[in-house]
Amino acid sequence: VGWCHIKGAADDIHFWDVEYFDNAAYFAHSRGIMRYDGHTLEPVEFDTPEPVFCHKLHAAAGRLWSFGVDDLLCFDGKRWARVECPHNSSGVPAKGS
């Protein structure tokens, strides 16, 4: 057990969290999430018009949650959904955007 290089990960990506969900490892980083099935590392595609910022991941009750500075997303195993809250749905741009 120890650290290893995952083929397919860019050298400039800094992973902040990892969570195992539905037979795959999900890695959160500042520009999104990557999914590793044991063979292939792929970026997760979100159905959102604006960029998604991710930080922490948590799996519970058949869902994978992504907590970002200004984004909260939930994955049910088939699709990602943004969870709207007053902070991220007010029309005010996120800091740094």
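In this predicted model, Lys56 has Phe67 of β6 as its bridge partner. The two strands that hold this bridge, β5 and β6, are antiparallel and share 5 bridges. Strand β6 covers residues 63–67. Together β5 and β6 make a hairpin, with 2 residues between the strands. Ala61 sits in the turn and has a positive phi of about 55°.

The hairpin belongs to an open sheet of 4 strands. The order of strands in this sheet is β5-β6-β7-β8, and the pairing is antiparallel. Its edges are formed by β5 (56–60) and β8 (80–82), each of which pairs on one side only. From one strand to the next, the twist averages 20°. Strand β7 spans residues 72–75 and runs antiparallel to β8, to which 3 bridges join it. Across this pairing, Cys74 stands opposite Ala81 of β8. Cys74 is buried, at a relative accessible area of 11%.

A second open sheet also has 4 strands, here in the order β1-β2-β3-β4. Its pairing is antiparallel as well. The edge strands are β1 and β4, the latter made of residues 41–43. Each of these edge strands pairs on one side only. Neighbouring strands of this sheet are turned by 25° against each other on average, direction ignored. Strands β1 and β2 run antiparallel and are joined by 6 bridges. Strand β2 consists of residues 24–29. One bridge partner in β2 is His29, which pairs with Phe15.

In regular strands generally, side chains alternate between the two faces of the sheet.

His29 lies in strand β2 and is buried, with a relative accessible area of 7%. Residues up to four places away in sequence aside, His29 touches Ile13, His14, Phe15, Met34 and Cys54. Phe15 is thus both a contact of His29 and its bridge partner. Cys54, another of these contacts, is itself buried, at 1% relative accessibility.

The cysteines were also examined for disulfides. A disulfide is a covalent bond between the sulfur atoms of two cysteines. The count in this model is 0 disulfides. Cys54 and Cys74 are nevertheless both buried, at 1% and 11% relative accessibility.

Aromatic rings form a further set of contacts. The count comes to 6 aromatic pairs. In one of them, the ring centres of Phe21 and Phe75 are 5.9 Å apart, and the ring planes meet at 65°. The pair is therefore edge-to-face, since planes over 60 degrees apart fall in that class. Phe21 belongs to strand β1 (residues 15–21) and Phe75 to strand β7, so the pair ties together parts that are 54 residues apart in sequence. Strand β1 is part of the sheet β1-β2-β3-β4, whereas β7 is part of the sheet β5-β6-β7-β8. Phe21 is buried, with a relative accessible area of 10%. Phe75 is buried too, at 8%.

Phe75 also pairs with Trp80. Here the ring centres lie 4.8 Å apart and the planes are at 20°, so the pair is stacked. The cut-off for stacking is under 30 degrees. Trp80 is buried, with a relative accessible area of 10%. One aromatic cluster takes in Phe21, Tyr26, Phe46, Phe75 and Trp80.

Over the whole protein chain, the secondary structure comes to 0 helices and 8 strands. From the N terminus on, the elements run β-β-β-β-β-β-β-β. The chain has 97 residues, of which 31% are buried. Its accessible surface is about 6800 Å². Carbon and sulfur atoms account for 56% of that surface. Among contacts between residues at least 6 apart in sequence, 28% join residues at least 24 apart.

Notes:
Residues numbered from 1 in each chain as written. Predicted model: local features only at pLDDT ≥ 70, side-chain atom pairs only at ≥ 80, totals over all residues. Heavy atoms only, no water. Pairing = 2+ DSSP bridges. Axes fitted to C-alpha atoms, helices over the stretch in contact; angles between N-to-C directions. Buried < 20%, exposed > 50% of the residue type's maximum accessible area, 1.4 Å probe, protein only. Contact = heavy atoms within 4.5 Å. Areas by Shrake-Rupley, 256 points an atom, 1.4 Å probe, with all protein chains shown as cover. Phe/Tyr/Trp six-rings, centres within 6.5 Å; stacked < 30°, edge-to-face > 60°. Disulfide = S-S within 2.5 Å.
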